[in-house]
Each structure stands twice: as structure tokens, then as C-alpha cells.
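Me: I am new to this structure. Please take a close look at one part, the strands and the core around them, and walk me through it in one go.

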Amino acid sequence: MNSQLTGEIKKRVAAANNVIIASHVRPDGDAIGSLLGLGLALRDAGKSIQMVLVDGVPSSFKYLEGSELIKKEPDGDHDTFITVDCADFKRVGKAFENFGQPDVNIDHHKTNENSGR
């Protein structure tokens, strides 16, 4: 990632007040860990956050701190929408069909479609 893009992401997140963070259906450890890591860090920075996994948290990951905060669908207003560990925007699930392109997409997959603005 180039430094200009990194700077744009930092500005966007710094200006955010109400953030929705989502990851892919049938979440694995990467998805849940990415969601919780970013979500809890932003909450600790004073942001209002919603962490969303449309399939919920599998029982094998419910022991993770903050997992009880993860919802199955977004609720209310947001000014910033972030997807994590999700190369294909369609994989965030039906709850996001009308959301449009995420503001930021943080992902490590080679197949990433670069869905973030």
C-alpha cells in the first residue's frame, strides 16, 4: 500500500464518528480477529462502532473478548463503512446489499477486488 493511500485511510478513520465494520459470511478466525481488533481499537479511540457478521460468531470463537458485541445486521446511521478480511464485497452478505461500496477495505487476499473507495 502506498503512503498516499495510507494517509487517506487515516484521515477517513480519524474523521469518522459512527463506524460499521463487517467481514465475510461463514467467518473464520481471520475474519473475527480482524473485526474485533479494529472494532475494539476504534471503540477505545472514542468512535461509535458496530461490528457485523451476518452469520454471527461461531461458538468456537465466542470466548474472544468483545465477541458479544458482534451483531448479525447493521442498525442505525453510520458515516464510515469498513470491510475487513473480505476480498469480494458480495461476501459480506445480504444485510449490506444496499450499502454500496465500502469506504475502506482492509484485506490480504491476492484475489481482492479493491472494493474500498
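Reply: Start with one cut-off: a residue is buried when its relative accessible area is under 20%. Hold strand 2 against that mark. Four of its five residues are buried, so by this cut-off strand 2 is mostly covered. Keep in mind that this is a predicted model.

Now the setting. The protein chain has two helices and five strands. Along the sequence they follow the pattern α-β-α-β-β-β-β. The chain has 117 residues, and 41% of them count as buried. Take the contacts with a separation of 6 or more: 58% of them join residues 24 or more positions apart. The accessible surface comes to about 6,900 Å². Carbon and sulfur atoms hold 48% of that surface.

Back to the strands. Strand 2 runs parallel to strand 1, and five bridges join the pair. One place to look is I21, whose bridge partner in strand 2 is M51. Strand 2 also pairs with strand 3, which covers residues 70-71. That pairing is parallel too, with two bridges. Here V52 stands opposite K71 of strand 3. So far, then, strand 2 has strand 1 and strand 3 as partners.

Strand 1 has another partner as well. It pairs with strand 4 in the parallel sense, over four bridges. In this pairing V19 stands opposite T80 of strand 4.

Next, the helix that goes with these strands. Strand 1, helix 2 and strand 2 form a β-α-β unit, and the unit is right-handed. The loop between strand 1 and helix 2 holds R26. Its phi is near 50°, a positive value in a residue that is not glycine. Most residues other than glycine have a negative phi. R26 is also exposed, at 63% relative accessible area.

At the far end of helix 2, which spans 29-44, look for a charged pair. R43 and D44 form a salt bridge, with their closest N and O atoms 3.7 Å apart. The salt-bridge count for the model is one. D44 is exposed, with a relative accessible area of 63%. R43 is partly exposed, at 38%.

Now go inside. The largest nonpolar core has 17 residues. V19, I21, L35, L42, M51, I70 and I82 have the most contacts within it. Four elements each give two or more residues: strand 1 (18-22), helix 2 (29-44), strand 2 (48-52) and strand 4 (80-84). Helix 2 gives the most, with five residues. Nonpolar side chains tend to be buried together in soluble globular proteins.

Two names should be familiar by now. I21 and M51 are bridge partners, and both are among the core residues with the most contacts. I70 is on that list too. Set aside its neighbours within four places in sequence. I70 is then in contact with L35, L36, M51, V52, L53 and V57. A second core lies separate from the largest one and has seven residues, including I20, A22, V54 and F96.

Strand 4 deserves a stop of its own. How many of its five residues are buried? The count is five of five, so strand 4 is mostly covered by the under 20% mark. Both of its faces are covered. On one side sit T80, I82 and V84, all buried. On the other side sit F81 and T83, buried as well.

Zoom in on T80, which lies in strand 4. Its relative accessible area is 1%, so T80 is buried. Which residues does T80 touch, not counting those up to four places away in sequence? They are R12, A16, N18, V19, I20 and D103. V19 is the residue that stands opposite T80 in the strand pairing.

One last stop, at helix 1. This helix covers residues 3-15, and A15 is found in it. A15 counts as exposed, at 56% relative accessibility. A15 and D79 are 64 residues apart along the chain. Their C-alpha atoms are separated by 9.1 Å.

To retrace the route: strand 2 pairs with strand 1 and with strand 3, and strand 1 pairs with strand 4. Helix 2 joins strand 1 and strand 2 in the right-handed unit, and it gives the most residues to the largest core.

Definitions and conventions: Residues numbered from 1 in each chain as written. Predicted model: local features only at pLDDT ≥ 70, side-chain atom pairs only at ≥ 80, totals over all residues. Heavy atoms only, no water. Salt bridge = Lys/Arg side-chain N within 4 Å of Asp/Glu carboxyl O. Buried < 20%, exposed > 50% of the residue type's maximum accessible area, 1.4 Å probe, protein only. Core = buried A, V, L, I, M, F, W, Y, C linked by side-chain atoms within 4.5 Å. Contact = heavy atoms within 4.5 Å. Pairing = 2+ DSSP bridges. Areas by Shrake-Rupley, 256 points an atom, 1.4 Å probe, with all protein chains shown as cover. Right-handed = clockwise from strand over helix to strand, strands pointing away.
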